[in-house]
Amino acid sequence: MTPPPAWFSAALAAPVQEGVITVDGASIAYRAWGDPDGRSIVLVHGGAAHSRWWDHIAPMLTDGWRVVAVDLSGHGDSDRRDRYSLDTWAREVLAVVAEAGSAAASVVIGHSMGGLVTLRLATLAGPEIAGAVAIDSPVRDMAPEDRAARQHRAFGPLRVYPTPEAAVARFRPIPDQPTLAYIADHVAATSIRAAGAAGRGSSTRMSSPGTTSPPSC
């Protein structure tokens, strides 16, 4: 396996703060890097992802900026809801923007489904933020995550594996990129959590995709 480059290891070792706020009755977790008094960049992950997908990117954006990555409800360490919508997720992001500092000096950047959330935020509260950026978001078509959810192929029960190694082994991008395996390994390792005893030995479950019902966008 190709060892991770120095910049990647340095990014993962950068100091990070963790916080939680309550939005519409759900606890929303976030991670933050950089000067709390700086302008803010708020990063919004895609469907079935979570804030730690930004761990190797966020620290490199902190020159003059406070960088915050949010766990949308139903993802990562945030609470699950009975129903999900772009409006709800947009309110969660706006709350994190306000928590991060001055909303008027904040730029929100969303990837894939997170880009749709970001665009919805811009529609609902555009004058309250400094800018909105959508990356790789199918703005003229249904998002792949939303289509999968409506077909009950995503956002279902959490998958349970017998060991952490078995769970991590199942996580590989398509097409596989062996030279970037260190990124996939980090994302996989931060996407699992102990599920407690189940049968013989302990179990590990994927933590990110576990919503209780498909998103209603």
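Of the 217 residues of the protein, 45% count as buried, in a model that is predicted. The chain is organised into 6 helices and 9 strands, and among contacts with a separation of 6 or more, 71% are made by residues 24 or more positions apart. The accessible surface amounts to about 10,800 Å², with 55% of that area belonging to carbon and sulfur atoms. The points below take up the salt bridges, the second largest pocket and the surroundings of Val117.

**Salt bridges between strand 1 and strand 2**

- The structure holds 6 salt bridges, and one of them joins the side chains of Glu18 and Arg31, with a distance of 2.8 Å from N to O.
- This pair links distant parts of the chain, since Glu18 belongs to strand 1 and Arg31 to strand 2, the two residues being 13 apart in sequence.
- Glu18 has a relative accessibility of 64% and therefore counts as exposed, the threshold for that class being over 50%.
- Arg31, by contrast, has a relative accessible area of 8%, and because buried means under 20%, Arg31 falls in the buried class.
- The pairing of Glu18 with Arg31 belongs to a network of salt bridges that also takes in Arg52 and Asp55.

**Salt bridges that involve helix 2**

- Arg91 and Asp24 form a salt bridge in which the closest N and O atoms are 2.9 Å apart.
- Arg91 lies in helix 2 (residues 86-100), whereas Asp24 sits in the loop between strand 1 and strand 2, so that the pair links parts of the chain 67 residues apart.
- Both partners are partly exposed, Arg91 at 39% relative accessibility and Asp24 with a relative accessible area of 48%.
- A salt bridge also connects the side chains of Arg81 and Glu92, again with an N to O distance of 2.9 Å.
- Here Arg81 comes from the loop between strand 4 (65-70) and helix 2, while Glu92 is within helix 2, 11 residues away along the chain.
- Both residues of this pair count as buried because their relative accessibilities, 11% for Arg81 and 0% for Glu92, are under 20%.

**The second largest pocket**

- The volume of the second largest pocket is about 190 Å³, and its lining consists of 15 residues, of which Glu18, Arg31, Arg52, Asp71 and Asp77 lie nearest the centre.
- Strand 1 (17-23) and strand 2 (26-33) are the elements that contribute two or more residues to this lining.
- Sorted by class, the lining comprises 3 nonpolar, 6 polar and 6 charged residues.
- Glu18 and Arg31, listed among the residues nearest the pocket centre, are also the partners of the 2.8 Å salt bridge, and Arg52 shares the salt-bridge network with them.

**Surroundings of Val117**

- Val117 is placed in helix 3 (residues 113-125), and at 0% relative accessibility this residue counts as buried.
- Leaving aside residues up to four places away in sequence, Val117 touches Val44, Leu72, Leu86, Trp89, Ala90 and Val93.
- The C-alpha atom of Val117 is separated by 9.8 Å from that of Glu92, a residue 25 positions away along the chain, and Glu92 is the partner of Arg81 in the salt bridge described above.

Key:
Residues numbered from 1 in each chain as written. Predicted model: local features only at pLDDT ≥ 70, side-chain atom pairs only at ≥ 80, totals over all residues. Heavy atoms only, no water. 1 Å grid on protein atoms, 1.4 Å probe; cavity = no way out; pocket = protein on both sides within 12 Å on 5 of 7 lines; lining within 4 Å. Points joined across faces, edges and corners; volume = space filled by probe spheres on them. Helix = DSSP H or I, 4+ residues; strand = E, 2+ residues; numbered from the N terminus. Nonpolar A, V, L, I, M, F, W, Y, C, P; charged D, E, K, R; others polar. Salt bridge = Lys/Arg side-chain N within 4 Å of Asp/Glu carboxyl O. Buried < 20%, exposed > 50% of the residue type's maximum accessible area, 1.4 Å probe, protein only. Contact = heavy atoms within 4.5 Å. Areas by Shrake-Rupley, 256 points an atom, 1.4 Å probe, with all protein chains shown as cover.
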